[in-house]
Every structure is written in structure tokens, then in C-alpha cells.
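Got your viewer open? Let's take a walk through this one, one selection after another.

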Amino acid sequence: MRSRLWTTLAAGLVSACLLPAPAFAADGPARTGAPAAAAATRDTDLKDRLAAIPGMTVVQEKPVDGYRFFVLTYTQPVDHDHPGRGSFQQRLTVLHRGADRPTVLSASGYGLPADPGPSRSEPTRLLDANQVSLEYRFFRGSEPATGGDWSTLNVRQATADQHAVFTALKAFYPGRWIATGGSKGGMNAAHYERFHPGDMDGTVAYVAPDDAARPGDRAYADVIRSNGTPECRAAIAGAQVEALRRRTALTARYEQYARDNGYTFSAEYMGSADKALEAVVVDTPWAFWQYGTEADCAAVPGRDATDQQLWDWFDAVDGFSFYTDQTLSYYAPYYYQAATELGAPEVAYPQLKGLLKYRISVWDYIPDKVARRPFDPGTTRDVDRWIRRNARNTLFVYGGRDPWSAERFSVSARTRDSHVLTVADGNHGASITALAPADRALATDALLRWAGLPPAGGSGLTASPAPAPYDAVLDAPDPAERHRLPGLPG
């Protein structure tokens, strides 16, 4: 189900776009009118110039049609407030379209792939822009050597990383800059606007949760309890109950699955397949609505389903591999931030009363070696308040059925050219191109305006001029960049 959903989402981006073909070839002059020959001259020594930036190392250049693509590292202080505490190498990539193009800073809030390849965010495609993609500190590949001290894994330090990279590359890309990100990356884009408001010319944040320590997480629970028909919700709840009633059989299957695939359940995380199974079952309604639709309700297994049918459905919706050491260890830096400053949703499932054995918390997803710190809502509340009052050139795009979109950022009459738009039936894959026509035009024109490009023609309801054409490889959604924190039981 998950792979089909991602395929459907990618196809939807194409069909929803309805944009004209680009007005120039991939290696031709940019819309700003700079001659191609001049741009080519400036770009010939790009690799050497990047390597000459203090602290920057060019790891690799990879071929990609119409672009130059670099994998790099940049030396960052472990603590920007106390540079003497040491440094680490932070990974980033540069997808170079042309020095005369706008530049998109895409920071997912997670890690880059082990072997990064070229990809484009939606703003990058719509603007036919350059893109700088930055790995978040403490993720695998950008880890400071601090052992169990993760105290510098926080919003202020991470946005300081972004500011340093922007400063280093601004001379290469003197045009307009746009920050973007989805889910945790959307939160990150909002954080960056808060703490370095002078850097970017615009911000596009997708499905960005704003869990500003609101009591009870009622909004999250309301979405889970109202999505779909009563029959669909009852079917999902029934599948949860049936799985836990068959706990012994499914746990044995889980243990065999782990052995077959080299997965483990160490005491650092879940500790057992039984506990991991419970996490899968509890998380399923959240995962179902995060990327599922009403049409997927027909596939929910009933009480007469076999153990294999139950297993296959839960695996497709939520994924048994996620709750193993091998996956949780990758996402642990995010869970640490959720536990210490970002907040984590808590949704109760009363239908499971009497069937649950564990009180699972976000700390179950963080290795024991990491020193615990108390939760401090100060940063989240500060960013929430600042965005609502002071946001400038900022766009938030949400999905109406997405659990993560339930608690969202808001703007007010005090903000400047800032907007919150919703894809009414959208999920966690909500995008500009999936918005209703009038909202899509508003968002696209705002993005073009912030990037210093001409507005859409005609009445303002037409598509933007000459975006880059959709590319199935460059523009495919990346599941690794989407929020994956479970809806923890309350």
C-alpha cells in the first residue's frame, strides 16, 4: 500500500500541475535573460570555487542532465555559541542550475541518503532554481563526536548551521533565496525564518506541525477520530484489536521476520518483538491517514482475516521494519528533539483498553547512552508566537486529512505577505500543485514574487511561466523526508 500511495502521489503532482512546457532548453538561457554563454563561463570553475570556500570539501560530482550536482561537507562548530568546543563535518548537496537562477535551501530536518543523488523540491521545480540540500546535525553522516551528550541537538544550533551554509554560498548564488521543507523540514523552515529572518527572501513550509505544548493534543485526536466514514474507522479499530488478540502468533512471525532480514530489538530501543508489535498496532490509524485515503478503507482486514493477511496489511500501512534497531537508530536524533523541545502528539485509543502491555513513550526511540533532558516548550512557543505576529513572505501548505496538519502554524493581519493554505482532502503529501485553482495561483504568484520572477499572466489564475518539467527521478517524493513519529498512545 505504501509504495502504491507514493506512486499515486507522484502521478498526482504531474496531473495537478497543468503547467506549460518550459520556454527554454535545460542548458539554455534563464528567464532573467542572461546569455547562456556567460552563464557557462561563470560555471566552468564552479567545482574549484566551491572547494576554495574555507571549511568546504567537494566529496563528489555526479552527472545529471541540465545541472551540475555536488556532494559536499562543510565544517561546523559543535556549539555555535562556543566554537572552541570542537567541530564536525556536515553533509550537503548542491544542484546547480545557473548562477543567475534563484536558489532553494531545502533542509528536511533529517539526514541525506548514504549515497546522495540529485532531487528537487517543488519550489525548485516551479522556479527552475538551484537547490542546496542540508543534512540535519546529529544524523548519520553529520554527527558531532559528543558521545551521549546531545545537548547541542536543538533548533537554535541547527538554524545556525543553515545560516553558516547560506553565508558561505551566497556569493555563488547572489539572487533570491527560498527556504523549504516538508513536515519536520517544514518546521525547520519556520524555525529558520524565526531565528535568521534576514537570510531568506521567502519560505514555503509543507505540512509543518506546530505542537506548541497545547494541552491534550485534542486537534490531533480529532483528525484521527473524524477522518473517513464511521465504518472505515471501525474497521481500522477492529484490525488493531484483532492483531493484539493474536499477539502470540504475530510476535512469533515478527521474530522470524527480524531473523530473516537481519533486524534486532535491543534494550536500547524496543527491547522485544512483542513491544515493537504493539507500537506498530498503536501507530496504524495515524499512519493510515498520514498517506492513505478513503479508497484504502476497502483493504482493511476483518475478523476472519488470516494471520498472514493481518501481517501484510499492517506491514503495508505502517511497516514492521520501522520499529527495529536498524531504523529507530537512524531517526533517534529527531525523537530526541521531540522529547526535549519540539513536542510529540499523544492520541488515546480507547478500543485497545485491556490489550496493551506497555507504556510507550518517545524516549523508547532514543538510545540509552543519550543523557535525558527535560522537555522545554519555550522554543516551540516562541516560534509559534513569532510566526503569527512577524512572518514575512511565508507560505504554509497543509493537508485537510493529515494528522500532522491538525496543529498548524497561523499568521495574522500583522504578518507581511504570508499565507496558510489547505488541500481540502490532502494528506501528508499536500503540495502547491494539489491546491484548489485559486489557492494554487495565489501560492505560485507569491513564490514567483519572492523569487524576483514575473508573476503568472492573464487573470492571475493561470499557471506560472516556464517551470522545469516534471522529472520522475528528480521530483519523486522522498519518504525519508517525511515525519515518521508515531501517534503515541495517551
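Here is a short tour, from the whole chain down to a small hole inside it.

**Stop 1: everything.** Start with the full chain, and keep in mind that this is a predicted model. There are 490 residues, and 58% of them count as buried. Color by secondary structure and you should find 14 helices and nine strands. Now think about who touches whom: among contacts between residues at least 6 apart in sequence, 76% join residues at least 24 apart.

**Stop 2: the cores.** Select Tyr254, Phe288, Phe314, Tyr323 and Tyr335. These have the most contacts inside the largest nonpolar core, which has 80 residues. Next, light up helix α10, residues 273-291: eleven residues of this core come from there, the largest share. Then jump to Leu46, Val58, Val165 and Tyr192, which are among the 24 residues of a second, separate core. Seeing such clusters fits a broader habit: in soluble globular proteins, nonpolar side chains tend to be buried together.

**Stop 3: helix α6.** How many of the twelve residues of α6 are buried? Twelve of the twelve, so to speak a full house. Click through the buried residues and you'll meet, among them, Lys184, Glu193 and Arg194 as well as Met187, Tyr192 and Phe195. Try a ruler, too: at 1.5 Å a residue, α6 should span 16 Å, and its end C-alpha atoms are 16 Å apart, which agrees.

**Stop 4: helix α13.** Select residues 378-390, the 13 residues of α13. The expected span here is 18 Å at 1.5 Å a residue, and the end C-alpha atoms sit 17 Å apart, which agrees. Which residues of α13 are buried? Show Thr379, Thr380, Asp382, Val383, Asp384, Trp386 and Ile387. Then add what covers them: the cover includes α5 (155-169), α6 (184-195), α12 (325-342) and β8 (394-399). So α6, from the previous stop, turns up again as part of that cover.

**Stop 5: the cavities.** Last, look for empty space. The count comes to five cavities of 30 Å³ or more, and the largest has a volume of about 50 Å³. To find the largest cavity, select its lining: Gln90, Ala107, Leu134, Glu135, Tyr136, Arg137, Ala158, Asp161, Gln162 and Asn188. Helix α5 gives the largest share of that lining, three residues. Color by class and the lining splits into four nonpolar, three polar and three charged residues. Asn188 is in this lining, and Asn188 is also one of the buried residues of α6.

Conventions: Residues numbered from 1 in each chain as written. Predicted model: local features only at pLDDT ≥ 70, side-chain atom pairs only at ≥ 80, totals over all residues. Heavy atoms only, no water. Helix = DSSP H or I, 4+ residues; strand = E, 2+ residues; numbered from the N terminus. Expected span 1.5 Å × (residues − 1). Buried < 20%, exposed > 50% of the residue type's maximum accessible area, 1.4 Å probe, protein only. Contact = heavy atoms within 4.5 Å. Core = buried A, V, L, I, M, F, W, Y, C linked by side-chain atoms within 4.5 Å. 1 Å grid on protein atoms, 1.4 Å probe; cavity = no way out; pocket = protein on both sides within 12 Å on 5 of 7 lines; lining within 4 Å. Points joined across faces, edges and corners; volume = space filled by probe spheres on them. Nonpolar A, V, L, I, M, F, W, Y, C, P; charged D, E, K, R; others polar.
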